[in-house]
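Visitor: Please show me the model, and then take me through how its helices pack.

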Amino acid sequence: VLRWTLRPQIKLLAISLLVIPTTYLTLELPKHIVNHALASARPKMDLLGLTLDRMTLLLVLCAGYLAAITLNGTVKYYANVAQGRITERIVRRLRIAVVRTRARQQAKADSTALISVAISECEPIGYFGGNILSVPVLQGGTLLTSLGFLLMQDVAMALAAAVMLPVQIAVLPRLQARIN
């Protein structure tokens, strides 16, 4: 898989790494909106050296939050597009390899079996190949960013979340299987 798609995988990895700072912004900006712009007292936050009134600060922070969410969604969109291209490239290569192998063997194999292998067997492998690097980076980066954000805010809350993580990993799949 990496031999066929190393360059696109590296580009996808770089795109996936861009999600981490935008995820942090989507966590940090609501905190500033609540703590500074919506605080009952005068805002205690200067923006780039400018002292803003509450309404202007609220509008600037909300616009920044909207921009961060938009940027995060855009980066994830491009990551999904790149991931789809890699998946299709791998599926195409696998199907070609199946057909070439059959032609080399010159066996009188059943053509329906060949079609079955070329369609149903290659698709999951191609999907895995497209996800091999980007999903751990996207999901792991989001998890680490969230835990890092929690650690910076409140160590006890971050430790509680870290303690609950193995419990969720053990319980949630069973509950989801029961629901399904």
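The questions below deal with the cores, the helix contacts and one buried residue.

Guide: This is a predicted model, in which local features need pLDDT of at least 70, side-chain atom pairs count only at pLDDT 80 or more, and totals for chains, interfaces and linings use all residues. Residues are numbered from 1 along each chain as its sequence is written, and side-chain values use heavy atoms, leaving out hydrogens and water.

Visitor: Which helix gives the most residues to the largest nonpolar core?

Guide: A nonpolar core is a set of buried Ala, Val, Leu, Ile, Met, Phe, Trp, Tyr and Cys residues joined through side-chain atoms within 4.5 Å; buried means under 20% relative accessible area, exposed over 50%, and partly exposed in between, with a 1.4 Å probe and protein chains only. The largest one has 9 residues, including Leu12, Ile86 and Cys122. Two or more residues come from each of helix 3 (54-105) and helix 4 (111-131), helices being DSSP runs of H or I with at least four residues, numbered from the N terminus. With 6 residues, the one that gives the most is helix 3.

Visitor: Are helix 2 and helix 3 roughly parallel or roughly antiparallel?

Guide: Helix 2 (residues 19-37) packs on helix 3 at an angle of about 160 degrees, the axes being 9 Å apart. Axes are lines fitted to C-alpha atoms, for helices over the stretch in contact, and angles run from 0 to 180 degrees between N-to-C directions. Angles under 35 degrees count as roughly parallel, over 145 as roughly antiparallel, 65 to 115 as roughly perpendicular and the rest as oblique. The angle therefore makes helix 2, relative to helix 3, roughly antiparallel.

Visitor: How many charged residues does the contact of helix 5 with helix 6 have?

Guide: Contact means heavy atoms within 4.5 Å. Leu143 and Leu147 are among the helix 5 residues that meet helix 6, where Ala158 and Leu165 are among the partners. Ala, Val, Leu, Ile, Met, Phe, Trp, Tyr, Cys and Pro count as nonpolar, Asp, Glu, Lys and Arg as charged, and the others, Gly among them, as polar. The division is 10 nonpolar, 1 polar and, for charged, no residues.

Visitor: Is threonine 26 buried or exposed?

Guide: Threonine 26 is found in helix 2. Not counting residues up to four places away in sequence, threonine 26 touches Tyr65, Ala68, Ile69 and Asn72. Because its relative accessibility is 17%, threonine 26 counts as buried.
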